[in-house]
Amino acid sequence: MITLDKELIKKYDKPGPRYTSYPTAPHFTEKFTHGMYIDEIVRTNNPDNKNALSLYFHIPFCDTLCYFCGCNTFITNNSDRVSKYLEYVKEEIDLLSTYIDVERPVAQIHWGGGTPTHLTPEQIRDLKSYINESFNVSENAEQSCEIDPRELTKEHLTALRESGFNRVSLGVQDFNPVVQKAVNRVQPEEITRKVIDWVRELKFESLNLDLIYGLPFQTVDEFEKTVQKIIGISPNRIALFNFAYVPWMKSHMKMIKEETLPGAEEKLDILKMAIEKLTDGGYEFIGMDHFAKPEDDLSKALKSKKLYRNFQGYSTHSGTDLYAFGITGISQHGNVYSQNFKTEKEYYEAIDRGYLPISKGYLLSDDDILRRTVIMKIMCDFELNFASIDECFNINSKEYFSAALKKLQPMLEDNLLTLDEEKLIISEKGRMVIRNIAMCFDGYIERNEDNNKYSKTV
């Protein structure tokens, strides 16, 4: 069972990247051109590339605004606006299909948002049918969709299931109605339970539930009631997210009064309680904010060192080339990252001109690729084999990362890791501050080239 050392967390709780990529998204630049992106697509679509595809579709629309939300969303009930967006997503699929080998197998599809189930059942079927016709979706592909119980009908779930989706992720945040009202997401427990019953009736293979700690009016005792109910519901996976209060970045968060948020000490107590209850309740701590049952694919991937991390968080599909569609979608393949435009106007204008709607991106250097590998090993394997890195990159990693190894000394003294000539191994306690450990190997931080504002590491 994982336990949380509060004093240790206080010591290491400082802003830092989540490392869904390296370099991180704030380093993406408009100097990365459409031509550079096309060149990398062509380079990575050759007969020697055996990587499967992972496809992400961003559906940005929501019915109401949740005050805690950090996603790129549009609040609308304009059906024409939604229909227009979906037609342009199809056009983006067509544009990309002229450059990539569409016979490459698709191992993973994810719809995120916003709220993908803001679409009607008919729109869900139509878009998914277009995707299935445009790509070679593997029979056993992992196909997941984020859903919102508040505007969901059983017909929505039926449309998802019959279209090939086998996993759903559902936001609960907190069952406490006082907290729900404070964040403008009133979602009665009975509605959530009804939707979960539908999910199981329709035989989706996996259910993930999202919780958030640090929301207004949360207390240890009250949030424990939610955690115990979630354990009783018994989803396959649970995400326990830290509420990052960043009103200077997301102006709608100003609707949450700072004085209603739990203090730093109580927030740590809430986190400690939740971790101990979840792990005592049969869930394995995967890393950062992910928990899964022992028989879940995430747990198996962790044990077999096949866990992976991308812009959707921890994943079981390492080695895939990720292509993202829709506004703000981030793609990752070969040596590049690219991000789509953030506004409908820019997104539509690019597609109308026959361009993939790339607003910015990043072409990785050799040092970036090396450090990305090291950081992902730390974040996913919770260990680093120096000989393996030496062989892969033809370097002496102990010399190359001498500055990083010096930074690890306080963590070594705090029993967050062990370090010898062969390996760096993160302890159970160290996994709680895994971002801090990874930051020691971040070249941009080391060179003082990272002035970005990140959320705190715990």
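Which residue of strand 4 stands opposite Leu-55? Leu-55 faces Ile-109 in strand 4, and this pair is a convenient way into a model that is predicted, in which local features need pLDDT of at least 70 and side-chain atom pairs count only at pLDDT 80 or more, while totals for chains, interfaces and linings use all residues. Residues are numbered from 1 along each chain as its sequence is written, and side-chain values use heavy atoms, with hydrogens and water left out.

The secondary structure of the protein chain amounts to 18 helices and 19 strands, where helices (H or I, at least four residues) and strands (E, at least two) are DSSP runs numbered from the N terminus. With a radius of gyration of 22 Å, close to the 23 Å that the globule rule gives for 458 residues, the protein chain is as compact as a globular protein of that length; the radius is taken over C-alpha atoms, and the rule is 2.2 Å times the number of residues to the power 0.38. Along the principal axes, the C-alpha atoms fill a box of roughly 60 × 55 × 40 Å. Buried residues account for 58% of the 458 residues, buried meaning under 20% relative accessible area, exposed over 50%, and partly exposed in between (1.4 Å probe, protein chains only). Among contacts (heavy atoms within 4.5 Å) between residues at least 6 apart in sequence, 74% join residues at least 24 apart.

Strand 4 (residues 105-113) is mostly covered, with eight of its nine residues buried. Strand 1 (residues 53-59) pairs with strand 4 in the parallel sense over seven bridges, pairing being assigned if DSSP finds at least two bridges between two strands. Strand 4 also pairs in the parallel sense with strand 5 (residues 136-147), over six bridges, and here Trp-111 stands opposite Cys-145 in strand 5.

Helix 3 (residues 79-97) and helix 4 (residues 121-134) pack at about 5 degrees, their axes 11 Å apart; the axes are lines fitted to C-alpha atoms, for helices over the stretch in contact, and angles run from 0 to 180 degrees between N-to-C directions. Helix 3 is therefore roughly parallel to helix 4, a label given to angles under 35 degrees, with those over 145 counted as roughly antiparallel, 65 to 115 as roughly perpendicular and the rest as oblique. The contact involves, among others, Leu-86, Val-89 and Ile-93 of helix 3 and Leu-127, Tyr-130 and Ile-131 of helix 4.

Further along the chain, three strands form an open antiparallel sheet in the order 17-19-18. Its edges are strand 17 (383-385) and strand 18 (417-419), each of which pairs on one side only, and neighbouring strands are turned by 10 degrees against each other on average, direction ignored. Strand 18 is joined by three bridges to strand 19 (residues 423-426), to which it runs antiparallel, and Leu-417 stands opposite Ile-426 in strand 19. Helix 12 (residues 366-381) packs on this sheet, touching strand 17 and strand 19, with its direction at about 135 degrees to that of strand 17. Helix 13 (residues 386-393) lies across strand 17, strand 18 and strand 19, running at about 55 degrees to strand 17.

Ser-365 is placed in the loop between strand 16 (358-363) and helix 12. Ser-365 is partly exposed, with a relative accessible area of 34%, and its C-alpha atom is separated by 8.0 Å from that of Asn-335, 30 residues apart along the chain.
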